[in-house]
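Subject: Structure handover

Hello,

Here is the structure I promised you. Please open it and keep it beside this email while you read.

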Amino acid sequence: LLRSLGASRVQLARAVVIEAAAIGLVGGLLGVLLGWVGAQGAVASVSTTIATIAEGVVPGSVHMDPLWALFGIGLGLAASVAAAVLPLREALRTPPVQGLRTEHAESVARRPWHARAATFVGLSGAAVLFANLPPFGDRPVWALLSALCILSTLLVLAGPLVDLFAGLPLPFRETRAGVPVRLAQAALEAGRSRAAWAAGAIGMAVGLAVAMTTMVGSFRTSVVEWTNQAMPSDLFLRPLATDGGALSGRLDPEVVRLAGEVLGPENIDPFHQSKAYFRDQAILLAGAEFSVVAREGGVPFLDGRSSEDAFAAALAEGGVVVNEPFSRRFEVERGDRIALDTPTGPLERVVTGVYRDYSGHTGRVVLDLDDFLERYPDEGPQSVATFVPKGLDLGVARAELEAVLEGRFAVQVLDNRELRAEVLTVFERTFAVTIALQLISSLVAAIAVVAVLTALIHERRRELAVVRVLGGSRRQLFGLVHSQSLLLGLAGTTGGVAVGLVVGYVLVEIVNLQSFGWSLEFQTPDSLWLTLLAVIPACLLAGLVPAFFAMRTAPRESLRASD
């Protein structure tokens with residue numbers, strides 16, 4: 001109508017861009033506000049994990065930097081304006097007469113298959129190229145760009161997926177109950193362009209949730225297996241923990257002496273830790289009782305040697321063992337000689353082994369305890385692992401130890417089962433964040449379905465009115481719209497799960513390794529099904545809104561309005 005009244009293309013473009021900018025501004029403001037609220041709960045749920053990974057760091061209150069708030073608003077603004085390009089292009093290319101007649105050319109505006117194939121190959125090739133590049137300034141920038149390219153393939157796959165489900169030969173299509181499904185498939189084919197964008201939006205939401213769930217699930221599985229080997233102690237002593245999950249200081253050296261009197265000094269493994277520097281970079285320098293670990297076992301080593309053999313060799317050779325993050329960060333391997341800067345002077349040792357570790361991501365070097373205490377005063381250990389002698393009941397030993405410490409020191413005494421259960425509790429709290437992501441992805445998918453189906457029904461209200469005039473019932477009309485929402489959900493979810501697993505693999509095998517130096521075992525978590533169980537019902541529920549509008553519109557009004 002505006003074009004017919006003399007509005008120029010520039011005026012139309014300006015109007016659409018201003019409208020998009022207003023939507024983006026409101027969305028950016030809401031996003032910043034909801035992000036700040038979500039951060040409150042997220043920090044509370046992962047505070048213990050943060051204290052474990054970044055040792056000595058206690059998460060404080062959530063602070064919103066004004067610059068990040070402006071960035072979030074600007075991101076929403078830019079995304080909305082960019083999203084206006086395609087509808088603006090369609091509006092400018094549609095002749096005024098065709099627009100007044102409510103005729104839409106989108107069904108014939110289809111990109112050739114070879115153009116889509118070339119785009120898919122290009123994005124896949126860029127993803128492979130970026131995935132093989134080294135980190136940029138110790139940050140996995142290229143690997144994250146690889147994940148972004150993989151996610152972008154959903155925009156190419158969305159159209160073929162819609163075609164697949166629109167032409168799916170369902171066995172009940174020829175029955176009375178299958179009539180709405182057949183009409184829904186035809187409607188999706190006719191409105192393929194918009195349906196593809198909805199499926200792509202659903203796929204993006206599902207893909208992100210699957211990728212995050214896969215990464216955290218792989219992390220959890222790897223840590224559980226690691227704790228089963230790395231924590232063999234019968235009783236574990238540590239200071240009281242704060243609400244944030246960080247340990248409140250160190251244990252008094254007297255605690256070590258008293259534990260030795262109860263269980264024998266040969267069964268006590270105190271763990272000391274302080275700071276040192278390697279190549280002018282801050283690292284963690286730790287001390288442990290190698291003789292005890294060589295007998296009882298401990299952390300797994302990357303070269304496959306048993307923990308007993310590795311620590312026995314380190315003790316015999318006067319060497320050190322380093323964790324995997326240290327090895328990857330500084331490219332240090334077994335047999336290399338390293339020089340550390342300590343408060344008491346330089347320290348040179350040979351690396352006799354590299355062990356797997358999911359803490360100390362800045363790097364940790366472990367000395368024999370006597371070697372460590374020669375350079376650092378005995379300020380008390382961070383924790384003490386103890387082993388109950390044969391013939392002494394675990395419950396009796398724990399009671400004796402608690403009786404000796406009671407009233408003198410605020411110390412937690414945990415048995416092996418309790419210690420491992422606490423580790424699982426920490427990561428279950430982390431999983432709570434991924435569950436929230438799954439719910440958010442379902443909400444995003446539902447919004448996409450509501451928006452697209454409402455637009456499709458509005459554009460094709462005449463066709464729906466013809467269905468009613470030809471004898472279609474309100475129930476069948478309701479089934480038609482709901483079938484569209486289900487097919488859109490299935491199309492988007494299919495692409496999202498496939499692409500999300502690939503992105504999850506990149507996060508586990510590349511991003512995580514470049515960020516923390518941890519090698520994880522890629523696992524497809526059981527909770528992946530929660531995403532499917534959440535998204536499909538969300539799409540069905542989203543179909544209620546456009547179905548309600550379709551049922552309310554009288555056929556006569558729709559046919560008359562379309563003349």
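**A turn between two strands**

Start at Thr342, which stands opposite Gly345 in strand E6. This is a predicted model, so please keep that in mind throughout. Strands E5 and E6 form a hairpin, with two residues between them. E5 covers residues 337–342. Six bridges join E5 to E6, and the two run antiparallel.

E6 also pairs with strand E4. E4 covers residues 320–323, and E6 covers residues 345–355. Four bridges join these two strands, which run parallel. Here Val321 stands opposite Gly353 in E6.

**The chain as a whole**

Now step back. The protein chain has 563 residues, and 43% of them are buried. It holds 20 helices and nine strands. Take the contacts with a separation of 6 or more. Of these, 78% are between residues 24 or more positions apart.

**Inside**

Val321 turns up again in the largest nonpolar core, which has 27 residues. Val321 is one of the six members that touch the most other members. The others are Val299, Phe301, Phe311, Tyr358 and Val366. Five elements give two or more residues to this core: helices H8 (192–230), H10 (290–296), H11 (307–317) and H15 (416–459), plus strand E3 (281–288). H8 gives the most, with four residues.

Which residues does Val299 touch, not counting residues up to four places away in sequence? They are Trp226, Gln229, Ala230, Ser307, Phe311, Tyr355 and Arg356. Apart from the largest core lies another one, of 23 residues. Among its members are Ala196, Val210, Val497 and Leu528.

There is a general background to this. In soluble globular proteins, nonpolar side chains tend to be buried together.

**Outside**

Now look at the surface. The chain exposes about 28,200 Å², and carbon and sulfur atoms supply 64% of that. One nonpolar surface patch covers about 730 Å². Which residues make this patch? They are Leu33, Trp36, Val37, Met64, Trp68, Phe71 and Leu75. Helix H1 (9–53) and helix H2 (66–83) are the elements that give two or more residues to the patch. Leu33 is found in H1.

Best wishes

Technical notes. Residues are numbered from 1 along each chain as its sequence is written. This is a predicted model: local features need pLDDT of at least 70, side-chain atom pairs count only at pLDDT 80 or more; totals for chains, interfaces and linings use all residues. Side-chain values use heavy atoms; hydrogens and water are left out. A nonpolar core is a set of buried Ala, Val, Leu, Ile, Met, Phe, Trp, Tyr and Cys residues joined through side-chain atoms within 4.5 Å. Buried means under 20% relative accessible area, exposed over 50%, partly exposed in between (1.4 Å probe, protein chains only). Contact means heavy atoms within 4.5 Å. Accessible areas come from the Shrake-Rupley method with a 1.4 Å probe; for residues, only the protein chains shown count as cover. Patches are made of residues with over 30% relative accessible area and no salt bridge: like charges are joined within 9 Å, nonpolar side chains (Val, Leu, Ile, Met, Phe, Trp, Tyr) within 5 Å. A salt bridge is a side-chain nitrogen of Lys or Arg within 4 Å of a carboxyl oxygen of Asp or Glu. Two strands pair if DSSP finds at least two bridges between them.
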